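Reader: Could you take me through one part of this model in some detail? I would like to look closely at one interface and at the salt bridges.

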Amino acid sequence: MSKQYETVIGLEVHVELATKTKIFCGCSTEFGGAPNTHTCPVCTGMPGSLPVLNKQVVDYALAIAIATQCEVTPVCKFDRKNYFYPDNPQNYQISQLYLPIARNGFVEIETNSGIKKVRIHEMHMEEDAGKLIHDEWDDTSLVDFNRSGVPLVEIVSEPDMRSADEVLAYMEKLRLIIQYLGASDCKLQEGSMRADVNLSVREVGSPSFGTRTEMKNLNSFKAIARAIEAERQRQIEIIEEGGEVIQETRRWDDNKEYSYAMRSKEDAKDYRYFPEPDLVPIVIGEDWIERIRSAQPELRTEKLMRYKKEFDIPEYDAKILTESKHMADLFEATTAICHKPKKVSNWLMVETFRLMKETGTECEELIFSPSHLADLINLAENKTINSTVAKEVFEKIFREDIDPNIYVKEMGLATVNDEEAIEKAAKQAISENPKSVEDYKNGKEKAIGFLVGQTMKTLKGQGNPGIVKEVLYSLLNN
Amino acid sequence: MDNNLMTGVTLGKKIKAKEISVKEALDSYYKKIKEVDLQINSYITLCEEEAYQRAEEVQEKINKGELASPLAGVPYAAKDVLCTKGIRTTCASKILGDFKPTFSATAIELLDNEGAILIGKTNMDEFAMGSTTETSYYGPTLNPHDKERVPGGSSGGSAAAVAAGECAFALGSDTGGSIRQPASYCGIVGIKPTYGTVSRYGLIAYGSSLDQIGPLSNSVEDAAIILDAISAKDEKDSTSVGRDEYGFAKALADDVKGLKIGIPSDYFGEGLNKEVADVILKAVDVLRQNGAIVEEFDLSLVKYAIPTYYIIASAEASSNLSRFDGVKYGFRSDDFEGLHDMYKKTRSEGFGAEVKRRIMLGSFVLSSGYYDAYYLKALRAKALIKEAFNRAFAKYDVIVAPGSPTTAPKLGESLKDPIQMYLSDIYTVSVNLAGLPGITIPVGKDGKGLPVGMQLIGDCYNEKTILRAAYNYERTVEETKCQNNMKQL
Amino acid sequence: MINLMNVKLISNEMNGNDGNVSNDLTGKEVSMGHRIDDETIEYVGILAKLSLTGQEKEKAKADMEKMLDYIDTLNELDTQGIEPMSHVFPVNNVFRDDVISNGDGSEETLANAPLRKNNEFEVPKTIG
């Protein structure tokens, strides 16, 4: 290939805020629920209904704005974005165009090519749309307004990214910040974090941008990466063939791994924004910003530094644990109870992550309580249970959040420390396995392992492994 | 005098004194409706069953002494732009079909609390867009004073119903004069309060930044008492404004001594019917004789009010009315191919010509490339108009204006030329643009015997001042009437 | 797709240039003013979701031309440096608390539906 191309990417990230109620009415934002159960006249656009702004939405939006170094707009307003679609009950969306809540921020991302700033152009508050389900049998669509009116913050970046890696790093960074703030759970698969990708290509060294397209319907990090690669190639091919890229919105089909233009005669893309007359301006003074700033939780960078100081755990562990606010919270809460940071970190880093992988669980979906993990660590530490049992019990905790103290007692899992019982079992193992005994006596150290196993078997796995070994040695050597 | 034309206050007193039962009051209004409404067509929907049921509850409360409001048991009508729970609400449009709201407007609920009884929903211009009540899907309303003429609009059904004795009072809505102008044409009292005084929750929006609900009544006292009942800060309406004190009725002092009244010379020049001007200026003279100080002045910017109004109102309407799409409620066309065709057919068949005209204009002025030239320009003009009023109110307590340039026109005359019809709002729209309170009161008749209304405009939150002036005029005229009657005896 | 860039109004005053307007353009007197073509009416029809028959279209064009000519009166008004006024009163910061106040609203939400299927609104298929 003769020419070298550079990909230029800007992102519009939508985040559903973690409020209890919708942005303009007192309906629950809870995910799921039978169709249209979380609805009222306001979020279904009934004639005569009027919106009233949920203050928590502004608080969350401000928290995100401050954490991403944005300038807060002292007087911000809502505007109406007019377009017809059945998931949009009023056929206008209440959003912000002329005076969004914040502008000109940035986040730092780290990729293989180093550290880089991605600038944020602006950030605004708006309402989410309802959900459309396509009924294949009847060839119709069904409308559910449960999501209609759920508060969103849209974060619009500058076209500062140059690769899928950078895009993913940027999204991960935003996700971390927002999760840490508690402003959203940022679950891509449930749609509480979504991204539209604006992408263009240009020859390396070209001072101006190429024509960009907007890609929608990207539901996972993998889809985003695939869509970026496909769109980059599509645009380069067009240019190489002497064609021109058309500025348009395209919809990504992740199953077929290709995108198609969402073009329609009826889709004029002329939103006729104007100031929302049913809502009044929001005046955000220094005191309000200060209140949010001082209530701001510790973000990840600060947390990492503190972990280094406070806890004696490897830096690698600290990094992994703090990648999710939920995981970090688990770590800190458990450590606060049992005061064994290294052990806690181990349980989280090894067993927890293993089971998460096995069961396809996200950090945010972990259900076990820190006190149960702390109890388990104590049980293992004071040798009430041995490590094999501990792992079994932990799996129960992981899946059902059982109380390990009760469970161990009820199931009779406590380690057998009774030397008499152990000696009896050991003698049985020796008499039943003369071959291993002979091997051992002939210098095969390893053979002891088999005898330990057999003894433990008789003890139903609950023998104190230290004592079992000791007893075996003394029986065999004497 | 027709029993049905007594004021709401008088009727309320008779009900409280057990001279008349709530049921009897309802009987008398429903009887009247059955006599005259086939001709006048004030009502779109009657809710007799609900009204009689409510009457029993209210009567019981009155008997027990639990309900002492002056409006307890008083039958009223509401413009069909106000949502009424379980009672069909049409906005006089085909597109709403048999829509039954699942909640009532705050103003309706507040009247309910007072024990007033809703007897029906009145006719109007479709979606309140019009000045004659001729654009209704349910046919025009006629003016009770002359059945060849319009009652004005858009609250024409409410005005005609009050004037014809088909209810004790009515609620209307006013976006550009829709309470004050029909009140003028029908010879009754109509007040549009300061923007934000009455909650808009449950008012089906036309121009959200201009819409206000207000009463149409047979007396200034009624107007004040109803306004007291319906004014409140509402948590459901972000634009509603609370006040430390309401007490409109208490402020009705029969005294205008020292009150400074400004007469805009640009309102009383070209374009105003001579007879109308004469009747109004005679009424101003009454106030002057009672001690008001009257002065002429230039308000300025008068001719810019209507274009400003039509840009803002149409733009907001084009957005407000986009929710009527055949998906969630109301009418859906039954012949279409695909989603967008359904939208278009539903809306084209469901909306009338005037509504479509304004939606088209509103969509155009907001469309890409024109927003600044039209919409922003209008918002700037609005700021200037507001400033002009601020200057005027620095000097005057009350500004006097006609309710309309003429008395009620004949049916069919106005719709021929939309702009001519729009011009009939010239004395009322600026009041909406500036968010001011305005009241029209009957001050006499022209040569054809048609009522003339005088408008009194106050500064923001100064309803009391204009109510006081209106009350003073009304009392003076009542006394004169009594004296004349005595002479005749 | 119709591109508004191609839909140019023939107008001498629609450049949105405040304060730079000749004074002979006064309201109704303007007769040469705006020309609305078929494409514009078609385009506005798409925005407003209204389809007009041939006759209605001609009427709509004429009405809109008249109205726009009349609206041009505003161009006499010097509004340079004037802040657009969307709300008349300085009312700010009206909020509600983040407290759930509504229960299951599905029956009321669907009560007036022209067409429903179970607990959802039914509409023509949205995506092909």
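Author: Happily; what follows goes through the interface of chain A and chain C, and then turns to salt bridges elsewhere. Please keep in mind that this is a predicted model.

Let us start with the extent of the interface. On one side, 57 residues of chain A are in contact with 38 residues of chain C. The area buried between the two chains is about 4,100 Å², and carbon and sulfur atoms give 55% of that area.

Polar contacts and charges have a part here too. Across the interface of chain A and chain C there are 27 residue pairs in polar contact, counting pairs with both residues at pLDDT 80 or more. Several elements of chain A each supply at least two residues of the side that touches chain C: β2 (53-54), α1 (55-67), β9 (131-135), β10 (140-144) and β17 (282-283). The largest share comes from β10(A), with five residues. Taken by residue type, the side of chain A that touches chain C divides into 28 nonpolar, 13 polar and 16 charged residues.

β10(A) deserves a second look. Four bridges join β10(A) to strand β3 of chain C, residues 120-124, and the two strands run antiparallel. Within this pairing, A:Thr140 stands opposite C:Pro124.

As for salt bridges, there are four between chain A and chain C. A:Asp139 forms a salt bridge with C:Lys125, and their closest N and O atoms are 3.3 Å apart.

Now to the wider picture: over all chains, the count comes to 75 salt bridges. Here are a few with the accessibility of their partners. In chain A, the side chains of A:Glu214 and A:Lys216 meet at 3.3 Å, N to O, in a salt bridge. A:Glu214 counts as buried because its relative accessibility is 14%, under the 20% cut-off, whereas A:Lys216 is partly exposed at 26%.

A second salt bridge in chain A links A:Glu298 and A:Lys303, at 3.2 Å from N to O. In this case A:Glu298 is partly exposed, with a relative accessible area of 23%, and A:Lys303 is buried, at 5%.

Chain B offers another example: B:Glu19 and B:Lys14 meet in a salt bridge at 3.8 Å, N to O. B:Glu19 counts as exposed, with 56% relative accessibility, while B:Lys14 is partly exposed at 28%.

Finally, a network of salt bridges links residues of chain A and chain B, namely A:Arg80, A:Glu276, A:Asp278, B:Arg200 and B:Asp237.

Terms used. Residues numbered from 1 in each chain as written. Chains lettered and ligands numbered in written order. Predicted model: local features only at pLDDT ≥ 70, side-chain atom pairs only at ≥ 80, totals over all residues. Heavy atoms only, no water. Contact = heavy atoms within 4.5 Å. Buried area = accessible area lost by both parts, 1.4 Å probe. Polar contact = N/O pair within 3.5 Å; in protein donor to acceptor, adjacent residues only side chain to side chain. Nonpolar A, V, L, I, M, F, W, Y, C, P; charged D, E, K, R; others polar. Pairing = 2+ DSSP bridges. Buried < 20%, exposed > 50% of the residue type's maximum accessible area, 1.4 Å probe, protein only.
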